[in-house]
Amino acid sequence: MSYGLIYTIPFKNSKNVSYTIEIEKDGYTGESTELTGGQTPFTVTIDDEEFLYTPSKFSTANIRIVGEDYLQQLYSTAYQEWRITFKAGEVAIWCGFIKPELYTQDYSSTPFELEIECLSAMSTLEYINYEQKGTDGRIFVTLWNLLTGCVNSANGKYESIILPHVYAKNASDYANAVNVLEQMKISEQNFFDEDDKAMTLKEILEEICKFLNWTCQDWKGKLYFVDIDHAGDYWEYSTDFSTHTVITKNEMNVQDINFGGNGHTLGILGGYNKCSVKTSNYNVGDVFPTEDYDSLTKLHYMTDTIWPTDNTKGLAKRFFYPNIYSMRHFSEVNLSEVTDLSTYNTDDAYGTSANRLLGALPIKRQIYSITNGTPDIVDYSFEELIQVRGCVQSGAGALGQSTKLISFSSDLPSCIYGNGAIALDCYMQGCVNNDMSTISKSFTKTPKPYIKCRLSIGDKFWNGSEWVADVTATFNIGFNENDLAKGGFVQVDNDRSLNDGYDGLSGVVIPLTEPIYGRLVFEMAGIHWKDGASDYPYSYLKGYFLKGLSLQYKLDDDYKTDDDADRIYENVIAENYINELDEIDNKISSYNYDNLSYSKVLLGADYLTNNLYSIIENRLIRLEEQLIRRIIGRYAAPRLKLTQQLLYSHVLSPFTILSDNYMVNKRFIPTGGEIDFQADKFEIQMLEL
């Protein structure tokens, strides 16, 4: 966006301090006009929130203008069209935008006073949806990029951005001032629901703050991320986040600030002795979807074929367009790839039947008996198969040994895979007939066949024995040649044992002993056989059928979990009287053997668990559990709430520690209030620490 200055409203307060309200319009390039402020030209209301661990506390502002022009062009439906910057001299002390459709004016007098309501810049994030960063699918993003992206999207003229230096990967990193948010990653999919609707940037910002136990607050031209329990350093960043300086909390006495009125009140807030944090696990669900054959679109119903050997068997095949799987097809004539299957839907001419295509297609098949020339069909159900015609061989029907034939048509989940295994399972039946019409049960035993596969997660590839960073890595799945020669379906070879920790898995087990993250890709190529270190064309079969092709993820049996359950952390209650705080719901969380979930965070190359260093406790902690300890420690007993009318002070901040001579040994922190810049008065709310 490109903003141009269109209006200015200068005024001086009761102490002759000069202020200016600047109104900019997106796309404006003309001259600016000076307007006259009302009796109270500019006031700011900072959200007051009694719960100190609320994730965001933003502000609103009111502009009052005197004149005869209704300024109806300020009416807008866009939340970032009219930008407001309030300055003391040349220093911005509030920034935001005119709230669309909300302003009032007096029609009874001329001139009249026009009142315009404004939102802080950060509040407008409520109206901006998250957009994925990955161009080829959902990727992993750092919490730092998410946080800075939210701030930049607000388009506010903040003087600086201030964050607490609380966490690190370990004590050494903390001492060396390493930014741990740059080491913490999460899947973008966490910010899209099952219907692919994106979260707003305000929701994402608040989830980050809830997770880190911080509060985001705009205050007098700066944007603060406050950790209420942190007594140490804060980092004050430049607006482009390129540099920062170290600052610390300050302490002030209200008598030193002085009073701007006598409207003071004192209240008592009740305490809490029970707290629970729910981590809403966004479970991945079915990592590898399967084709629903009943919903597939028909490509071709082939005329039933009578087996020529003894005329006692018939074969019916139905061909379909693939959906979940992406399957490649090639012309039998010249091996050119076929992308339009619509012409392969008849039996009339050579080469126009789907059965004549090389490559893979989903089919339904039934083999039935024929008695005295009449079909003898008892069961009218069909087998759901994948027909693969054309093996790796020389001559007609030759497909390259590494020619990708089957893969998934859409992106598989981009999440963290670990503490479990992926199982690849399928059954294969060979065919020696070129037209894939007759299934012989007595063809000659052949060398051991293999199907070449490729499986990757992010930048790691399975090579058959380990995950490597080699993009050329593949692995082979084999089938017993003795069983295959009998003509029936043969399950893929596996080296399973009863004690491998993956009860219920079937097929080839690919372990995930360390977390691997990113987008998962699976591909299958043609069939071949291997002799020693050399691969050879597999010319003994003309094609094959796959049944029950599936991939499945399973958590190791050592980690008991309910796949669909959210995890709840809570403190242990021993008291007779329980006053429970409302449950806190986090959509970003640490990992606690919660199966595959988009909501889990990586810390470096490992899961974030109870392994994050916190200077507040000077040890490794789990964030959800630390929040409970914080809340119970702070709210175990009732606390005071104090409202006072003070003079406006530019050195007050959201983490300034305040004291009052009339309240010995009591310390307070600002939580909200209203500033009248014309009257130089700040009616401030404070909570006891």
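Which residue in E17 does Glu236 stand opposite? That partner is Thr245. Keep in mind that what you are looking at is a predicted model.

**The big picture**

Let's step back for a moment. The protein has six helices and 51 strands. Of its 689 residues, 54% are buried. Take the contacts with a separation of 6 or more: 74% of them link residues 24 or more positions apart. As for the outside, the protein exposes about 30100 Å², and 45% of that comes from carbon and sulfur atoms.

**Two open sheets**

Back to Glu236 and Thr245. Strands E16 and E17 run antiparallel and are joined by four bridges. They belong to an open sheet of six strands, ordered E5-E14-E15-E11-E16-E17, where the pairing is mixed. The edges of this sheet are E5 (56–57) and E17 (244–247), each of which pairs on one side only.

There is also an open sheet of four strands, in the order E10-E13-E44-E45, and its pairing is antiparallel. Here the edge strands are E10 and E45 (606–607). E44 (residues 602–603) and E45 share two bridges, and Leu603 has Asp606 in E45 as its bridge partner. Helix H1 packs on this sheet by touching E10 and E13, and its direction makes about 70° with that of E10.

For another antiparallel pair, look at E2 (residues 18–26) and E7, which are linked by seven bridges. Tyr19 stands opposite Ala88 in E7. Strand E7 (residues 82–88) is mostly covered, with six of its seven residues buried.

Here are the three antiparallel pairs side by side:

| Strand pair | Number of bridges | Residues that stand opposite or are bridge partners |
|---|---|---|
| E2 and E7 | seven bridges | Tyr19 and Ala88 |
| E16 and E17 | four bridges | Glu236 and Thr245 |
| E44 and E45 | two bridges | Leu603 and Asp606 |

**Helix H1 and its surroundings**

H1 covers residues 143–153, and its buried residues are Leu143, Trp144, Leu146, Leu147, Thr148, Cys150 and Val151. What do they pack against? The list includes helix H3 (201–212) along with strands E10 (140–142), E11 (161–164), E13 (184–187), E15 (222–226) and E16 (234–237). After the helix comes Asn155, which has a positive phi, near 55°.

**What about the cysteines?**

How many disulfides does the protein have? The count comes to zero. Cys150, from H1, shows how that works out: its closest cysteine sulfur, in Cys216, is 8.9 Å away, so the two are too far apart for a bond. Cys150 counts as buried because its relative accessible area is 2%, under the 20% cut-off. Cys95 is buried too, at 2% relative accessibility.

**Inside the cores**

The largest nonpolar core holds 57 residues, and the members that touch the most others are Ile406, Ile422, Ile451 and Ile477. Strand E41 (residues 543–555) gives this core its largest share, six residues. Ile406 makes a good place to zoom in. Apart from its neighbours within four places in sequence, Ile406 is in contact with Tyr325, Ser326, Ala360, Ile386, Val388, Phe522, Glu523, Met524, Leu546 and Leu549. A second, separate core has 50 residues, among them Tyr3, Met122, Met184 and Leu608.

Note on methods. Residues numbered from 1 in each chain as written. Predicted model: local features only at pLDDT ≥ 70, side-chain atom pairs only at ≥ 80, totals over all residues. Heavy atoms only, no water. Buried < 20%, exposed > 50% of the residue type's maximum accessible area, 1.4 Å probe, protein only. Pairing = 2+ DSSP bridges. Core = buried A, V, L, I, M, F, W, Y, C linked by side-chain atoms within 4.5 Å. Contact = heavy atoms within 4.5 Å. Axes fitted to C-alpha atoms, helices over the stretch in contact; angles between N-to-C directions. Areas by Shrake-Rupley, 256 points an atom, 1.4 Å probe, with all protein chains shown as cover. Disulfide = S-S within 2.5 Å.
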